[in-house]
Amino acid sequence: MKTTKFLKTAEVEKKWIVIDAEDVVVGRLATFIAMRLRGKHLPTYTPHIDCGDNVIVINADKVAFTGKKRSNKVYYWHTGYVGGLKERTADKILDGRFPERVMRKAVQRMLPKESPLARQQLSNLRCYAGTDHPHAPQSPEVIDFKSMSPKNVKRT
C-alpha cells in the first residue's frame, strides 16, 4: 500500500495569478479565489500547509452583486464601546475610500475560521481598486474568470 504524500513547507511552489473582477459576481469569484489561496486545486493539497497561490485581484471596485444585495447587504462591526455596533451597506463601501474591502471580506469568510493558517493564506491575496498593481516583476499568469461560465458575469 502507498501512503499519502504530504507536502513540507520547503517543497511548496507558489504561482502568481491575476484576476480581473470587473462585472463579475462577488460570491462566485470569492469561492474561486478561496480555493486558489488554500491550494485545493492542486493534487498535492495539504490541509495544514499554506500551499496555495498568490492571487492579485484588479478592478475590485467594479464587482457585481446579484439581486438587491448591493443596497441591502449590510456589513457590521463593533467599536468595542457600549452601544458601538456599526453598520454599512455594500453600496456605501464600494462607493467609498476602500472599495476593495468588499472582495477581501468575501474571501476571508470562505477561508477556515479564526486560525493562523487562514490569516497566512489571506495575506497571499492582494486586491486593488484599479487596473494597476505593483506585482509585474513576479510575472503573474492572467486567468480569465469571466469566460469560465456564463453565470460568473452579471446579466443586465
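This briefing describes the fold of one protein chain, the packing of two of its helices, and several of its individual residues. The structure is a predicted model, and every value below should be read with that in mind. The chain has 156 residues, of which 39% count as buried, and its secondary structure comes to five helices and six strands.

**Overall fold**

- Read along the sequence, the helices and strands of the chain follow one another in the pattern β-α-β-α-β-β-α-α-α-β-β.
- Taken along the principal axes, the box that the C-alpha atoms of the chain fill is roughly 55 × 40 × 30 Å.
- Among the contacts in the chain with a separation of 6 or more, 68% are accounted for by residues 24 or more positions apart.

**The packing of helices α1 and α4**

- Two packed helices are described in general by the distance between their axes and by the angle between those axes.
- Helix α1 covers residues 26-38 and helix α4 covers residues 101-108, and the axes of these two helices come within 8 Å and cross at roughly 60°.
- Because an angle of roughly 60° falls neither under 35 degrees nor in the range 65 to 115, α1 and α4 are described as oblique to each other.
- The crossing of α1 and α4 is right-handed, and the contact is made by Val26, Leu29, Ala30, Ile33, Ala34 and Leu37 on the side of α1, together with Met103, Ala106 and Val107 on the side of α4.
- When the residues of this contact are divided by type, nine are nonpolar, while no polar and no charged residues take part.

**Cysteines**

- Cysteine 51 has a relative accessible area of 1% and cysteine 127 has a relative accessibility of 12%, and since buried means under 20%, cysteine 51 counts as buried and so does cysteine 127.
- The count of disulfides comes to zero, where a disulfide would be a pair of cysteine sulfur atoms within 2.5 Å.

**Residues with a positive phi**

- Aspartate 23, which lies in the loop between β1 and α1, has a positive phi of about 60° although it is not a glycine.
- With a relative accessibility of 40%, aspartate 23 counts as partly exposed, because that class takes in the values between the buried limit of 20% and the exposed limit of 50%.
- Asparagine 59 is found in the loop between β2 (54-58) and α2 (69-72), and the phi of asparagine 59 is also positive, near 60°, in a residue other than glycine.
- Asparagine 59 is buried, with a relative accessible area of 2%.

**Glycine 52 and alanine 10**

- Glycine 52 has its place in the loop between α1 and β2, and at 0% relative accessibility this glycine counts as buried.
- Not counting residues up to four places away in sequence, glycine 52 touches Lys14, Arg36, Leu37, Arg38 and Gly39.
- Glycine 52 and glycine 83 are 31 residues apart along the chain, and their C-alpha atoms are separated by 40 Å.
- Alanine 10 is found in the segment before β1 (16-20), and at 79% relative accessibility this alanine counts as exposed, because exposed means over 50%.
- Alanine 10 and asparagine 72 are 62 residues apart along the chain, and the separation between their C-alpha atoms is 45 Å.

Definitions and conventions. Residues are numbered from 1 along each chain as its sequence is written. This is a predicted model: local features need pLDDT of at least 70, side-chain atom pairs count only at pLDDT 80 or more; totals for chains, interfaces and linings use all residues. Side-chain values use heavy atoms; hydrogens and water are left out. Axes are lines fitted to C-alpha atoms, for helices over the stretch in contact, and angles run from 0 to 180 degrees between N-to-C directions. Helices (H or I, at least four residues) and strands (E, at least two) are DSSP runs, numbered from the N terminus. Angles under 35 degrees count as roughly parallel, over 145 as roughly antiparallel, 65 to 115 as roughly perpendicular and the rest as oblique. A crossing is left-handed if the near helix is turned anticlockwise from the far one by less than a right angle, and right-handed if clockwise. Contact means heavy atoms within 4.5 Å. Ala, Val, Leu, Ile, Met, Phe, Trp, Tyr, Cys and Pro count as nonpolar, Asp, Glu, Lys and Arg as charged, and the others, Gly among them, as polar. Buried means under 20% relative accessible area, exposed over 50%, partly exposed in between (1.4 Å probe, protein chains only).
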